[in-house]
Every structure is written in structure tokens, then in C-alpha cells.
Amino acid sequence: MTMNINMDSDHRVVLNVGGIRHETYKATLKKIPATRLSRLTEALGNYDPILNEYFFDRHPGVFAQVLNYYRTGKLHYPTDVCGPLFEEELEFWGLDSNQVEPCCWMTYTQHRDTQETLAVLERLDLDTEKPTEEELARKFGYEDDYYNGTVSWWQHMKPQIWSLFDEPYSSNAAKIIGVISVFFICVSILSFCLKTHPDMRVPVIRNTTVRTANGSVAWVLDKTQTNAHVAFFYIECVCNAWFTLEILVRFISSPHKCEFITSSVNIIDYIATLSFYVDLILQRFASHLENADILEFFSIIRIMRLFKLTRHSSGLKILIQTFRASAKELTLLVFFLVLGIVIFASLVYYAERIQANPHNDFNSIPLGLWWALVTMTTVGYGDMAPKTYIGMFVGALCALAGVLTIALPVPVIVSNFAMYYSHTQARAKLPKKRRRVIPVEQLRTPRVAGQPGAMGMPGSGPMARRMNQTKTKDLGPKIGPIGASIVAMCPKNVGLHTNPALAMCKPTFEVRPPVINALNNPTVPPPPTSTKTLLIPRDASIGKFTNNNNNNNNNSSTMNANGNASTVTSKTENDNNTK
């Protein structure tokens with residue numbers, strides 16, 4: 001019975017992970033080859049020969065799932081740890097993260113979506129933290145001059161000018177510039193809308209000469225057209241002067257000219273400002289043309305200046321990013337909507353022609369496309385309606401299909417917006433400066449041959465780490481009658497600085513002046529010389545200890561500072577001479 005227990009214990013292994021001890025069979029760890037646990041040997045630095053276990057300073061909760069993977073072949077994701085931590089632990093143990101079971105896959109991959117969202121928010125530049133001088137030098141391309149201390153006045157002023165006009169929350173002056181910019185944008189849009197109102201326009205009256213019936217000449221005032229009030233022209237001049245100045249200053253002080261030119265918001269700003277100057281040129285030189293008013297249609301691009309407000313509002317940035325992230329859902333929505341419009345427009349066209357219908361509104365399928373679009377989007381203008389029963393039935397199906405088609409992708413878009421907005425609010429509440437943890441790897445000195453318990457320096461062995469822990473594992477025939485292992489007391493296997501059984505036999509060192517120098521020259525102070533003292537216990541029942549290294553040290557010669565030989569004697573020999 002005892003032999004069977006010993007054989008079973010030889011096939012088991014103890015793993016101490018983060019202070020929690022796990023015990024399993026060695027054959028279990030061999031089930032998944034080419035991993036860290038499948039290559040465990042007693043020659044590793046984390047093996048403890050006293051406790052007969054392997055110590056790993058890793059997360060114990062994740063290791064429970066890792067060990068269960070070796071036992072059952074199924075890897076589950078613990079819900080109480082973060083996804084990146086789980087991936088790091090799997091990488092440490094040499095396991096593939098793609099082996100997670102399907103029941104845990106959706107929960108496990110949520111952190112990847114979160115990391116993608118955080119990366120998008122980093123690109124949106126929603127933080128208002130002021131960058132350091134080193135970051136500014138790296139951003140504006142004068143990093144070498146910054147380290148050499150040769151920064152010019154323009155290199156010093158360029159980031160400040162850029163912050164004033166492009167980063168509204170960087171300083172109080174930048175906030176004032178931002179308020180002025182928003183004010184001119186709002187005034188320009190308001191002026192563009194109000195100048196089309198009839199009460200805000202001035203009629204153009206021409207004095208026309210006509211000839212009456214009796215042959216006399218008369219003058220008639222004729223209202224040919226209306227123009228916007230002249231005040232709107234001056235308002236547009238002031239606003240566009242500010243926009244032009246803003247574009248030039250931002251372009252000159254921008255850190256990356258190519259990115260500035262190709263930015264979508266900046267392109268809208270270019271075209272809107274350029275349309276004003278084109279309009280002035282046409283009014284000056286092409287006002288006599290008949291179709292000159294058609295060119296005013298392109299001035300509608302000035303409405304697009306509202307997108308410049310995205311630089312001042314993080315909510316607009318999140319909204320635009322939501323539509324970008326939901327591009328697939330929006331494309332799917334448009335596809336199903338177009339598909340339904342074509343199908344129901346064709347059905348209602350032929351349904352209205354089956355029965356006699358003198359008031360048929362669906363004279364063609366293109367007219368039915370307009371009706372299907374209005375019906376599926378639940379607008380329902382009422383300008384066109386089916387009159388037959390079959391046409392009404394088709395209209396009911398069209399309305400139901402429109403509700404389902406539009407309602408299905410909308411929650412996905414709403415969830416994307418809520419996700420971006422919640423992460424933005426969470427980032428705003430995070431501390432800007434966080435304490436860094438320095439990655440310091442624990443140094444392990446290789447063991448000396450014949451000393452499995454020594455770690456290379458006193459007090460660093462496994463006995464010093466677990467001094468108060470008692471080893472209870474069965475040691476088999478190595479146990480002596482007094483309950484201590486003979487191997488543990490052997491000085492060839494355990495060092496003197498880690499063996500408690502021989503701690504009393506450990507040699508000590510003390511400084512003692514040499515005797516010969518004191519007799520030959522009493523006036524000269526003797527140099528400091530170390531004398532080795534060997535203390536031997538009187539209790540012989542513990543066992544005899546022979547220090548082979550000290551046999552030839554009783555009478556040894558050393559050289560003092562003057563080059564004279566001095567004899568060093570042990571404390572025991574001097575005591576005998578004194579007696």
C-alpha cells in the first residue's frame with residue numbers, strides 16, 4: 001500500500017501560481033505539447049526542491065481555467081478578468097487565444113471592439129490636455145533643434161499660432177478665437193438665408209418709355225427683378241475676410257501641409273470661401289448674361305460651413321464618426337429600401353390597372369417609385385393613393401415592409417453612437433497622469449552543482465522564502481529516526497548558509513592583530529588581518545562535522561603593509577597556549 005502511494009506521488013506535480021497551489025498529474029500537462037507546462041523540469045529556476053513545487057508569479061484565476069483546459073480540452077473565458085489580461089496569460093503559458101469555446105467567444109472578444117473604439121477616439125483628438133514641449137517639437141518637426149537648444153522664434157511661435165486657431169480649448173485666447181469663428185459662421189449662414197426673404201429684398205425698377213394710342217409718349221415704372229439688400233453684401237464681405245484670414249493663418253502654421261489641404265472640412269472651407277469671390281467676379285463682369293443667375297446655385301456650398309463646427313464640438317465629431325462606423329448598416333438599409341421601392345412600385349402599377357379605375361394616379365412605374373418611397377418611409381404626403389382593393393392591399397404591405405426595413409438597422413446605429421459617447425465621457429473622467437509600473441524582472445542565479453537548495457547568496461534560498469512553512473510531503477526512506485532528512489543535513493547537497501541543521505557549525509570571522517608583528521615591533525600598529533574562527537559544538541550526538549577547508553588554515557602566512565610575513569593562528573590554538 002505504501003509503495004502504491006509513493007508511485008502515485010511520483011507521477012504528480014505541484015504548481016504554485018500566485019500563492020495558490022494546484023496539484024495534478026504530469027501526464028495531464030503532456031496533453032498539450034509545445035507549451036510551458038509540458039516542459040517542466042527540476043532544473044528550472046522556479047522549482048523549489050524543499051517544497052517540491054514550481055512557483056509562477058502569475059494570475060491565479062486565469063491559471064485555473066488554463067489547468068482546466070489541460071484536463072478537459074475546453075478553454076473557457078473567466079468573466080472576472082479583462083480581455084487583454086487573459087490574452088497575456090495565455091501567451092505566457094504558450095496557449096492560443098483562438099481556442100476559446102464558442103459559448104465564451106462573444107464575451108471574450110468585447111475587449112477587441114473596445115480597443116478599436118479607443119483607437120478611433122485617439123484619432124479624433126478629443127483630449128484637451130496641453131502637450132509638452134517635446135511633443136510639440138516632435139509634432140512640428142524641429143525635434144533635433146529642440147534637443148540642441150537652437151529653436152528659432154518662428155519654431156517657438158508656430159505651435160502657439162496653430163493652437164490659437166485650430167485647438168479652441170487649449171487656452172483662454174484660443175477660446176476667444178473659437179467664439180469669434182463660430183460667430184462669423186452663424187452670421188454668414190443667417191445672412192445667406194435671410195437675403196432670400198421677400199421683405200429683405202429690394203426691387204429693381206426700370207423707367208420704360210411707351211407710346212400711347214394718341215401718339216404721345218409716356219413713362220412707365222416696371223419692376224423687373226429683386227435684389228438682396230446691400231447690407232447683406234457688406235456682411236458677407238466682413239465674414240469672408242475673416243474666413244480668408246483664418247485659412248491663411250492655419251495653412252501657414254499647420255504642422256503637416258498635405259494633411260491640411262486634403263482634410264474634408266478644410267476642402268469645404270476652401271470652396272465656400274472661393275464661391276464668394278467667384279460670385280463677385282460674375283456680378284462684375286458677367287451680369288449681362290441671361291443664365292448668370294444659375295451660377296448663384298453654387299453658393300449653396302456656404303451652408304456646408306456648418307461642418308466647421310466639428311472643431312468646436314466633440315458631439316458633432318462623435319456623430320460623424322458614428323455614421324462612418326455604421327456605413328455597413330446604412331448601406332444595408334439603402335439596399336433593402338431600394339429593393340422594396342422597386343418591387344412595390346411595380347405591384348401597385350399593375351394592381352391599379354386590373355380593375356376599372358378612371359382616377360388612376362399611377363400612370364407609370366416611375367410615378368409609383370415616388371409613392372413607394374413616401375410610403376415605406378412612413379411620410380405619406382397623400383398626393384398619390386391607390387383606389388382599388390388590390391392596390392390598397394399592396395399599399396398596406398408596402399407600409400409594413402417600410403417599417404420593418406427602417407426599424408431593423410436603426411438600433412445598431414444608435415448603439416454605435418451610445419458606445420462612442422460613453423467612451424468619450426469615460427475618457428474625460430480619467431486622470432491625465434497615471435503612475436507607471438516599472439517592469440523589473442526577477443533575477444535568478446543558477447544553482448551550484450551539488451547544492452539544489454542554494455540560490456547563490458545568503459538568505460535567498462527557498463528556506464529563507466518559506467522559513468515558517470513545514471514540509472509535510474512523504475520523503476520515503478530518506479527519513480531518519482530523528483525526523484530530519486539525511487540529505488538535508490549533508491553539506492554536499494545544501495549550503496551552510498541555508499542549512500539550519502548546520503547553522504551552529506558555520507565559521508565566523510573576526511579581526512585580530514597578528515602576534516608576531518606585535519612582538520617584533522610593538523611601536524608599529526599591526527595591520528588589520530582577518531582570523532578565521534571555527535566553533536565546534538560540544539554535543540556529539542548531532543553528528544561530526546569536518547571542515548576540510550580549514551585544515552590548512554591554522555598556520556597560514558599573510559603579508560602586511562610593510563611586506564613582512566605574519567602568522568595567523570586560530571582562536572582555539574591561542575586559547576590552548578594561554579592555558
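## A greasy patch and a set of salt bridges

Let's start with one residue: Ile261 is partly exposed, with 42% relative accessible area. Keep in mind that this is a predicted model. Ile261 sits in helix α12, which covers residues 257-262. It also has company at the surface: together with Trp153, Trp154, Met157, Leu248, Phe251 and Ile252, Ile261 makes up a nonpolar patch. Added together, these residues show about 700 Å² of accessible area. Two helices, α9 (153-166) and α11 (230-253), each give two or more residues to the patch.

Now for the charged side chains. The model has 14 salt bridges, and a few of them are worth a visit.

Take Glu87 and Arg112, whose side chains meet in a salt bridge at 3.4 Å, N to O. Glu87 belongs to helix α4 (residues 83-93) and Arg112 to helix α6 (residues 110-124), so this pair ties together parts that lie 25 residues apart in sequence. Are the two partners buried or exposed? Something in between: Glu87 has a relative accessibility of 25%, which makes it partly exposed, and Arg112 is partly exposed too, at 28%.

The next pair stays within one helix. Arg138 and Glu134 form a salt bridge at 3.3 Å, N to O. Both are in helix α7 (residues 133-140), and because they are four residues apart there, about one helical turn separates them. Arg138 comes out as partly exposed, with 44% relative accessibility. Glu134, at 34%, is partly exposed as well.

Our last stop is Asp269 and Lys308, with side chains that meet in a salt bridge at 3.1 Å, N to O. Where do these two sit? Asp269 is in helix α13 (residues 264-285), while Lys308 is in the loop between α13 and α14 (314-325), so the bridge ties together parts 39 residues apart in sequence. How much of each partner is accessible? Asp269 has a relative accessibility of just 1%, and Lys308 has 2%. Buried means under 20%, so Asp269 counts as buried, and so does Lys308. This pair isn't on its own, either: salt bridges with shared partners link Asp269 and Lys308 with Glu246 and Arg305 in one network.

Terms used: Residues numbered from 1 in each chain as written. Predicted model: local features only at pLDDT ≥ 70, side-chain atom pairs only at ≥ 80, totals over all residues. Heavy atoms only, no water. Patch = residues over 30% accessible without salt bridge, like charges linked within 9 Å, V, L, I, M, F, W, Y side chains within 5 Å. Areas by Shrake-Rupley, 256 points an atom, 1.4 Å probe, with all protein chains shown as cover. Salt bridge = Lys/Arg side-chain N within 4 Å of Asp/Glu carboxyl O. Buried < 20%, exposed > 50% of the residue type's maximum accessible area, 1.4 Å probe, protein only.
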